[in-house]
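Q: How do the terms used for a structure follow from its values? Please go through the sheets, the ligand site and the unusual backbone positions in turn.

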Amino acid sequence: MTDKNNNAETRKTNASNWSPATQMVHSGVSRSQFGETSEAMFLTQGFIYDSAEAAEARFKGEDAGFIYSRYANPTVDMFEQRMCALEGAEDARATASGMAAVSSALLCQVKAGDHVVAARALFGSCRWVVETLMPQYGVETTLIDGTDLENWQRAVRPNTKVFFLESPTNPTLEVIDIAGVADIADSIGAKLVVDNVFATPLYQKPLELGAHIVVYSATKHIDGQGRCLGGIVLSTKEWIEESLHDFFRHTGPSLSPFNAWTLLKGLETLPVRVRQQTESARKIADFLAEQSAVKRVIYPGRADHPQADLVQKQMSGGSTLIAMEIEGGKRAAFDFENALDIIQISNNLGDAKSLVTHPSTTTHKNLAEEARAELGITDATVRLSIGLEDTDDLIADIDRALTAI
Ligand SMILES: *Cc1c(COP(=O)(O)O)cnc(C)c1O
């Protein structure tokens, strides 16, 4: 990168043999002349040059350094470097939200006449980008049931350029065979973009499984404390420079340095938080499976998950999320939500606070009834995002709310 500060200090704080917990505290740190312990927050739009010649050299790319915070900023750069270390990616661009990451990663690499294949079980706004926005610009799109590899192969056309999927999916926690889809993408020279939000960067490594680009909403587990929006696109240096670089600089989805700093602090505690939240979620899923008021529990990591073998193969941990179907439909689901004391009703996820969502009336209300049915979302579907509260307190809250319906 010509417009980034690739100094010796940054390289010294990126050891590839570190475990994630160590990386998340130290990777990417670039200290100022003051030697601060905590990462500095560079709330600056621009940068000054010692001379007109220095400015010329910077713009020509002969001198490494920052030019303008829409392109790159020291605090944002630290967040990108730390995420690269965790993901095993060569390069990244941090964005203002998860949707800025998804839309940039998809739109930067297609033109009118190209074709995109996506798994239909997508986060609502991702589905809108694929189904509604891209066709407005002449990009053909096909949505498929991504859990069957043959559907990917069948959807391929001569002009297919991009595959896009999310795994596990929201809200029904279906799992898609990333390595299998990546093989098909490679066989036709297409790029596979994986939205890895639900798995977290700790439990699933799409790049190692063969995906070409990984995107995150950092708003979820990476912040993890409900404070700010953010996102990131990670890939090879070549793809970032050739496909994303110009799109990113000129359309301006950049992350604010303040939010980058907040997300850096979030990363420091990510492994501890996600491990604890997953441990709690697993216990709660097991508890729910025993309750007569619960028709069905879907939890990656339980032996009764419909794709338990695939979960085992491509994920190294379970999930902080649980999907379930309550006996008694919408009324019972609403009564359950309303009876909870500790667990709050919200559409966010990955937060320190446990949250409950009724997808069919909130996050997925814009889908047609049949589209919801295809995804397995019914009026009885409830999604739980497990936070950092005491597990027994959460189980007691759920137990009481189930008894109340
Ligand atoms: C939340 C989310 C997004 C969008 O992220 P924002 O930060 O809200 O823009 C995209 N994909 C998935 C899977 C998400 O959960």
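The turns below take up this predicted model and set its values against the definitions.

Q: What makes β2 and β3 paired strands?
A: Two strands pair if there are at least two bridges between them. Five bridges join β2 (residues 115-119) to β3, and the two strands run parallel. The count meets the cut-off, so β2 and β3 are paired. Within this part of the sheet, A118 stands opposite L143 in β3.

Q: In what order do the seven strands of the open sheet that includes β2 and β3 lie?
A: The order is β1-β7-β6-β5-β4-β2-β3, with mixed pairing.

Q: Why are β1 and β3 called edge strands?
A: β1 (91-95) and β3 (140-144) each have a single partner strand, so one side of each has no neighbour in the sheet. From one strand to the next, the twist averages 20°.

Q: Which helix lies across β2, β3, β4 and β5, and what does "across" rest on?
A: It is helix α6 (residues 124-136) that lies across β2, β3, β4 (160-166) and β5 (191-195). Contact here means heavy atoms within 4.5 Å. The helix runs at about 150° to β3.

Q: How do you know that D195 makes a polar contact with the ligand?
A: A polar contact is a pair of N or O atoms within 3.5 Å. A polar side-chain atom of D195 lies 2.6 Å from a nitrogen atom of the ligand. That distance is within the cut-off, so the pair counts as a polar contact.

Q: What puts G98 and K220 under the term polar contact?
A: For G98, a backbone N or O atom lies 2.8 Å from an oxygen atom of the ligand. For K220, a polar side-chain atom lies 2.7 Å from an oxygen atom of the ligand. Both distances are within 3.5 Å, so both pairs count. The protein covers 92% of the 380 Å² of accessible area that the ligand has on its own.

Q: How many residues surround the ligand, and of which classes are they?
A: There are 14 surrounding residues, and the closest are G98, D195, S217, T219 and K220. The shell has six nonpolar, five polar and three charged residues.

Q: What is notable in the backbone of the loop between β4 and α8?
A: P168 lies in this loop, between β4 and α8 (178-188), and the peptide bond from S167 to P168 is cis, with omega near -10°. P171 is placed in the loop between β4 and α8 as well, and the peptide bond from N170 to P171 is cis, with omega near 0°. L173 also lies there, and its phi is near 60°, a positive value in a residue other than glycine.

Q: What makes β11 and β12 a pair, and in which sense do they run?
A: Three bridges join β11 (residues 355-357) and β12 (residues 381-385), in the antiparallel sense. The cut-off is at least two bridges, so the strands pair. L355 stands opposite S385 in β12.

Q: Why do β8 and β10 count as edges of their sheet?
A: The open sheet of five strands has the order β8-β9-β12-β11-β10. β8 (294-298) and β10 (344-345) each have a single partner strand, so one side of each is left without a neighbour. Helix α11 (residues 257-289) lies across β8, β9 (321-326) and β12, at about 15° to β9.

Note on methods: Residues are numbered from 1 along each chain as its sequence is written. This is a predicted model: local features need pLDDT of at least 70, side-chain atom pairs count only at pLDDT 80 or more; totals for chains, interfaces and linings use all residues. Side-chain values use heavy atoms; hydrogens and water are left out. Helices (H or I, at least four residues) and strands (E, at least two) are DSSP runs, numbered from the N terminus. Axes are lines fitted to C-alpha atoms, for helices over the stretch in contact, and angles run from 0 to 180 degrees between N-to-C directions. A residue is near a molecule or strand if one of its heavy atoms lies within 4 Å of it. A polar contact is a pair of N or O atoms within 3.5 Å; within protein, one must be able to donate a hydrogen and the other to accept it, and residues adjacent in sequence count only if both atoms are side-chain atoms. Accessible areas come from the Shrake-Rupley method with a 1.4 Å probe; for residues, only the protein chains shown count as cover. Ala, Val, Leu, Ile, Met, Phe, Trp, Tyr, Cys and Pro count as nonpolar, Asp, Glu, Lys and Arg as charged, and the others, Gly among them, as polar.
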